[in-house]
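Q: Please take a close look at one part of this structure, the sheet and what packs against it. I am new to it, so go strand by strand and then move on to the surroundings.

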Amino acid sequence: MKKSAEITVRKISRESGEWRTRYEAFYSDCEIKRVDKLDHAYFAAYAADEIAGHSVVYLENERWVMDGLRVKPEFRERGIAKKLTEARIRYAIERGAKEIWYACDDGNLVTICCHLRYGFEKVCPHEGHCTAATAHWYRLKVAPALFKKFPALKPGRA
Ligand SMILES: CC(C)(COP(=O)(O)OP(=O)(O)OC[C@H]1O[C@@H](n2cnc3c(N)ncnc32)[C@H](O)[C@@H]1OP(=O)(O)O)[C@@H](O)C(=O)NCCC(=O)NCCS
């Protein structure tokens, strides 16, 4: 049943109490940064009325950052994370982002699946000393090559 449900990805337009309750439940077993006071946008993937995946992009210290990407186990490997990532990249670009950032552990599936493919590159602080144990920042430079490979990310495209 769930496998065949049509998935739609939408920006959360009204961060209502009802949405907030579902959001808290969705991330109940992991920590997610509170971004309410920052310029931000949440994107959710819905299967009918059920939240199948959720994510956020926010602006902090002049940096657009993607976070909180999660897809419910029963909806995985159907391209939902990619759709949520592309929606957030497009949103940031439409808001003028020249770079988009993401922090993640080495080897994390989130990075492998959803960031490297778009051209995110690891940025090691402290003159390039990254260890496998720590979370690292990845940066995507918004450049013509991105739009050549992913035309749908171009601002103004549906
Ligand atoms: C990582 C995660 C977001 C991927 O979601 P998803 O919707 O299944 O991913 P997609 O179907 O969009 O991604 C597909 C790509 O990721 C890769 N991928 C996804 N799942 C994979 C798996 N189990 N093994 C290997 N590669 C995988 C593939 O490369 C695939 O690309 P392709 O189909 O073009 O080859 C999901 O597994 C997840 O939510 N994991 C838990 C993350 C979490 O809980 N984080 C804490 C947040 S607080």
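A: Strands β2 and β3 run antiparallel and are joined by nine bridges. One position can be picked out in this pairing: Y42 has V56 in β3 as its bridge partner. The model is a predicted one, and what follows describes that prediction.

On its other side, β2 (residues 39-47) pairs with β1, again antiparallel, through five bridges. Here R10 is matched with A44 of β2. Strand β1 covers residues 7-11 and is hardly covered by its surroundings, since none of its five residues counts as buried.

Further along the sheet, β5 is joined to β7 (residues 135-141) by seven bridges, and the two are antiparallel. C104 stands opposite H136 of β7. Strand β7 also pairs with β6, a strand of residues 121-123, in the antiparallel sense over three bridges. In that pairing E121 faces R139 of β7.

Put together, these strands belong to an open sheet of seven, with the order β1-β2-β3-β4-β5-β7-β6 and mixed pairing. The edge positions are taken by β1 and β6; each has a single partner strand, so one side of each has no neighbour in the sheet. On average, neighbouring strands are turned by 30° against each other, with direction ignored.

Helix α2 packs on this sheet and touches β1, β2, β3, β4 and β5. The direction of α2 makes about 30° with that of β3.

The packing can be followed into the largest nonpolar core, which has 27 residues; V57, I80 and L84 are the ones that touch the most other members. Two or more residues of this core come from each of β2, β3 (50-60), β4, α2 and β5 (99-105). The largest contribution is that of α2, with six residues. In general, nonpolar side chains in soluble globular proteins tend to be buried together.

I80 deserves a separate look. Leaving out residues up to four places away in sequence, I80 touches I7, A45, A52, G53, V71 and F75. I80 is also one of the residues that come nearest to the ligand, along with C30, R76, A81 and C113. The shell around the ligand holds 17 residues in total. The elements that supply two or more of them are β4 (63-71), α2 (80-94) and α3 (109-114). Strand β4 has the largest share of this shell, with four residues. By type, the shell is made up of 10 nonpolar, two polar and five charged residues.

The last stop is the loop between β3 and β4, where N61 is found. The phi angle of N61 is near 50°, which is positive although the residue is not glycine. N61 is exposed, with 6 other C-beta atoms within 10 Å; a residue counts as exposed if there are 12 or fewer, so N61 falls in that class. E62 lies in the loop between β3 and β4 as well. The phi of E62 is near 65°, again a positive value in a residue other than glycine. E62 is exposed too, with 8 other C-beta atoms within 10 Å.

Technical notes. Residues are numbered from 1 along each chain as its sequence is written. This is a predicted model: local features need pLDDT of at least 70, side-chain atom pairs count only at pLDDT 80 or more; totals for chains, interfaces and linings use all residues. A residue is buried if 20 or more other C-beta atoms lie within 10 Å of its own, exposed if 12 or fewer, and partly exposed in between; C-beta atoms are placed from the backbone. Two strands pair if DSSP finds at least two bridges between them. A residue is near a molecule or strand if its C-beta atom, placed from the backbone, lies within 6 Å of it. Ala, Val, Leu, Ile, Met, Phe, Trp, Tyr, Cys and Pro count as nonpolar, Asp, Glu, Lys and Arg as charged, and the others, Gly among them, as polar. A nonpolar core is a set of buried Ala, Val, Leu, Ile, Met, Phe, Trp, Tyr and Cys residues joined through C-beta atoms within 7 Å. Two residues are in contact if their C-beta atoms, placed from the backbone, lie within 7 Å. Axes are lines fitted to C-alpha atoms, for helices over the stretch in contact, and angles run from 0 to 180 degrees between N-to-C directions.
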